[in-house]
Structure formats: C-alpha cells, structure tokens
Amino acid sequence: MSAAAQWTIDSVRAALGAKKISARELTSEFYTRIERHNPALNAFLTLSPERAFSQADRMDARIARGEPLPALAGVPVAIKDVISTRGVRSTCGSRILENYIPPYDAWAVERLERAGAVLLGKTNCDEFAMGSSNENSAYGPVRNPAAPDRVPGGSSGGSAAAVAAGLAVAALGTDTGGSIRQPGALCGIPAMMPTYGRVSRYGLIAFASSLDRIGPLASSVRDAAAVLGVIAGRDPNDSTSAAAPVPDYLAEMEAQLNGLRIGIPKEYFGEGMDAAVRRKVEAAIELLKRLGCRLVELRMPHTDYAIAAYYIIATAEASSNLARYDGVRYGLRVAGRTLRDMYKKTRGRGFGPEVKRRIMLGTYALSAGYYEDYYLKGQRVRTLIARDFSEAFRQADVIVTPTSPVPAFRLGERTADPLQMYLADIYTVTGSLAGVPGISVPCGKTPEGLPVGLQICGPPFGEARILQVAHNFEKAGGADL
Amino acid sequence: MIISREDVLRVAELAHLELSEAEVETFQRQLDSILTYIEKLKELDTTQVEPMAQVLAGVSAADEIALRDDQPAPCQVGEEVLKGAPDPSPPYFRVPKVIER
C-alpha cells in the first residue's frame, strides 16, 4: 500500500494529456486498488462507479477532441459521507440515514465535477462527524494505513485513510473541531480547514452550523491548494459563504518565506503532549527558521478554556440540527403507537451512543435555567478565544502548533471515557471557534513509525499564506524530519 | 453530582430520545463528568464580554454577505423527495395519528 504518492493532480493531467492512460483506465485502476485494500481499511462506505465512469468518459471525449483540460480533469476523488451526492447514498456514518439518497449535490461536489474530477465514492466517518477516531461510525471503524491496528483519526477518517493508502488522489472532509486536520495528521497527509465561509456549506449535512467547514485532504500541499481553489467561493445558496475573491493559491504559495513571522503560542506546548510528537514539532520549527522565518513567542491565554466552550456550543447546535431526524421525511422509521412515540423510538434506535450523548448534552445546555450558565457562557468565551487569535495575528503572520497531542492510538484504547477523547482536540478546537483557517502538514514520524502533524493557522482568509508556509516546509523535506 | 437521574430523563424527553435503563445510567455518569469539566468556564469573568453571535463579524471579507434576490424558480423535487420517505402518500408524508378524538 505504498502507492500513496504515485498519482498527483499534476501527474494525472500530464498522463492524460500525453495519452499515456485514459481517464477510464485510470478510474478502473483506482477501483481495482479499492477492491484490494478497502476490505481491510473500511475507508469507503459506498462506491459510485456509474457516476465515475460516465465522468471519465466525458473527460476522455474532451481529450479526443483536443479541448483544453479543466483543473481536475480525470482526478479520482473521494467524498466524506456527510456531504450530499445526488443519487449516491449518503449515510453520515449513521443507521438513521442508512438508505438515504440525496436529491441534490453539495456545492463543493458540483464544483469538483465541473472541474473534471471523478467521484469514486463516499468515505466512512464518525456518525454525523462526531468523533476523533472514526470509531463512532455505525459501519465499523476505519484502520490507519500506516498502522492497521490503530485509528486513522476522525471524524474524516475514511477520507484521510483513502488518500494515505492511494485509493484516491484527493478527498473532501469536513472540520467542526479538528475533523479534517487531526485525521490528516494521524494518517500523514496534508489536510486543510479553510476559513469559515470560504467554502459553501450547501449540501453539507449539518452538525454545528457556526463551526462546520468543508476542506481538502491530499497527498501534497500543492494538490490540497488545487482542490481548495476549485471549491472556494461565493455560493448564493449559503448566506454565510463569503464573497471575498479566491486568490490563485498555486501561484501565491510559491513565494519564499524570508522574514515571515511564525507565532509560537506557549499554551500549545505545555503538558499532555507526547514526547515524540514534541520532538518532531520542535524540529519542524527549526526547519522553518532555517527557511528564513522569524520566531515570535506568543501568549493565547484562553486556550485552556476552548474544549469546554467548544463542547457546549457544538453540542447545542447539534441538538437543534439533528432534531430533523424524526422518521417522517427521510431515513429510518421505527413504528410507534403515537407520533411522539414514533419519534422517540426512531431516534433511540437510529442514533449511536456518541450522537445521543451530544444531543443530550446540547439539549441540557439549551434548556430552561441552564441557557445562561452554559450556552451564553460558552459564546462569551468563544469571543475571548477569537480575540486571542486576532491579537496573535497582530504579532505574527501565521501560528504554528502541533495538530494533535498524540499520534494514532490503538483501536478501542480510548473509547471508554468520552471526556478523555474530547480533551485530545485541544489544539484544533481553538481555530474552529475563532473561524480562522488551518492546515496540518506531515512533519515526520515517531520511532514507532506513526505520522506526526504540524498545524499552521492563519488569519481569516489567509489560506494563501498558510499554504505558502506549508508548501515551502514540504519542499524542504518537512515530511521526513 | 451536577446532573441527576431525573435530569437525564427530562432531557431525553425534550430531545425525543428513547433510552434504555443502561443508557440512562451511563449517560448520567458521563454527562456529569463532562459538565464537571465544563465548570471550569466559571473561572473566567465574562461580565464585560459579548457572546459571539456571528463568527468573523467585523472581518470585511466575511461581512460582504449579500442576500440573493428573492425570485421564484421551479423546484420540482417533490416526487424525488417523497421517494426517500419511510411512508409516503404523495403528495404527503404519512405519520401516526396525531389528534386523538
């Protein structure tokens, strides 16, 4: 399974352009790999060969006519199962949507296909994107291609594993509290959460609407940038999608790093970080220094409160968003004597334990008598965390931290205590609450061979800047530290 | 204990979740541990801090949000949507009896 870096967007385009392979042949090649490796990895939940081959044929026809090729022509991609795909089952990793077939495409999916990408299928994830290990999927856990007895991270674990194992050239994931960046780190690939509003959420099945974002996972920073360039932009169907122009990421990220100010927040380097992770992240910071960056030590004093604020706000929003699963319009229905009885039985049987736990927590935080102490308090602390970031970006161009305090852990090792699982989200939930973009790039492996990720966060709409840092870091051998 | 067994039952009722006896016990224990952790927010004095209503409010690139024109357009998805319903009765969704006589 060391085929990870075999195909990139550029090599696909070159091979198609030179007629060394057809888009149809390439698609077949990927389905053959999926057939061989997916039974062990469980990265894909649903395959969409009909849709993939008809798109591949469209691309081959364009090539035959000598037409110019769009940005992602013939590039095989995978889509996280919380993102709607017309005519292709989208379960969200939940029993309650086991047979749900969306009647429309998400904006990001439509954009990918319009750019020529070939949709191979839908990837496994924690149920409704709630989890950090992919063990909360109703369809079984995903295994980490780098260490099959370990988790791939979550919630976009299937997307990360598919790309890392070479079963897709790129994938879409979603990030609410770290769900793109953390699996990217644990599987050893670049993975990016754009600014809130940079990519339309139209067709993204909601978990926490003020936090949810769609972003790319790929085998190189360059490919992540190319996918982001295609899916970013204003969409009239999502009133929170931003009108800001989309820069030419591929061009801008080539600039050198001379004199760039790299912020190192002290709070992200305290206790609780695995020693091997710390060594790699420190080596990564040294490399950035050698590339001409200036280090700036920062304080972000509210970091320690982020997990508590996040798990109030995200669960409160989830309890409201998931009220729609009631057995009436789509998905599972479990019969009941009355309407109310039907709701309760459907939801009781359709949702898994983590989703129920979060609905309970969110409902409690919003219920009469607790709203002020929990939900409003959480929103006030969110303001403080966002201020930490805007203050930091006055002193630094980007902020560099570990992505996860630990490398990939063993399946089942952390499922007994949900709070312990939540606490490991400490380095990623902050940027989620603040709305800023962040990327995780590989920065070497632990002595056991487990990938470590470096997180680079930028100011709102600073995607080009963090891609520039990530790309230069990768080119300088950052992944092999 | 921050959360009692009665709280768990009340919240499950509000959230329309049928829970088994084992779930009630597990959730009480787990929610209590999570809520105890969340108590740490009380350490922060936030009396002078506004709750965040919209992330990135004040960031100009995000503020340029324009609502689209409200123009009627055909939306013939009814049939397709009903196909995914557990108990369709076109053009309606059928549900158990709501009103008792």
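Colleague: What share of the 481 residues in chain A is buried?

Modeller: Buried residues make up 63% of the 481 in chain A, where buried means that 20 or more other C-beta atoms, placed from the backbone, lie within 10 Å of the residue's own (exposed is 12 or fewer, partly exposed is in between). This is a predicted model, so to speak: local features need pLDDT of at least 70, side-chain atom pairs count only at pLDDT 80 or more, and totals for chains, interfaces and linings use all residues. Residues are numbered from 1 along each chain as its sequence is written, while chains are lettered from A and ligands numbered from 1 in the order in which they are written.

Colleague: And how many helices and strands are in chain A?

Modeller: Chain A has 16 helices and 11 strands, which are DSSP runs numbered from the N terminus (H or I, at least four residues, for helices; E, at least two, for strands).

Colleague: What does the radius of gyration say about chain A?

Modeller: Chain A has 21 Å, which agrees with the value near 23 Å for a compact globule of 481 residues. The radius is taken over C-alpha atoms, and the globule rule is 2.2 Å times the number of residues to the power 0.38. The C-alpha atoms of chain A fill a box of roughly 65 × 55 × 45 Å along the principal axes.

Colleague: Let's zoom in. Which residues of helix 9 of chain A are buried?

Modeller: They are V277(A), K280(A), V281(A), A284(A) and L288(A). Down the axis of helix 9 of chain A, these buried residues fall within an arc of 95°, so they line one face of the helix; the arc is that of the directions from the helix axis to the C-beta atoms.

Colleague: What do the buried residues of helix 9 of chain A pack against?

Modeller: Among their partners in chain A are strand 7 (261-265), strand 10 (438-445) and helix 16 (463-475). On the other side of helix 9 of chain A, A275(A), E286(A) and R290(A) are exposed. Just after this helix, G292(A) takes a positive phi of about 105°.

Colleague: New topic: how many residues of strand 4 of chain A are buried?

Modeller: In strand 4 (residues 170-175) of chain A, 6 of the 6 residues are buried, so the strand is largely enclosed by the rest of the structure. A170(A), L172(A) and T174(A) point one way, and A171(A), G173(A) and D175(A) point the other way.

Colleague: Which way does strand 2 of chain A run relative to strand 4, parallel or antiparallel?

Modeller: Strand 2 (residues 76-80) and strand 4 of chain A run parallel, joined by 3 bridges, and two strands pair if DSSP finds at least two bridges between them. I79(A) has L172(A) as its bridge partner. Strand 6 (residues 213-218) of chain A runs antiparallel to strand 4, with 6 bridges; there, L217(A) is the bridge partner of A171(A).

Colleague: And chain B, what elements does it have?

Modeller: Chain B has 4 helices and 2 strands, in the order α-α-α-α-β-β from the N terminus. Its radius of gyration is 23 Å, well over the 13 Å that the globule rule gives for 101 residues, so chain B is more spread out than a compact globule. Of the 101 residues of chain B, 19% count as buried.

Colleague: How many residues of chain A are in contact with chain B?

Modeller: 55 residues of chain A are in contact with 44 residues of chain B, contact meaning C-beta atoms, placed from the backbone, within 7 Å. Helix 13 of chain A gives the largest share of the side of chain A that touches chain B, 9 residues.

Methods
Contact = placed C-beta atoms within 7 Å.
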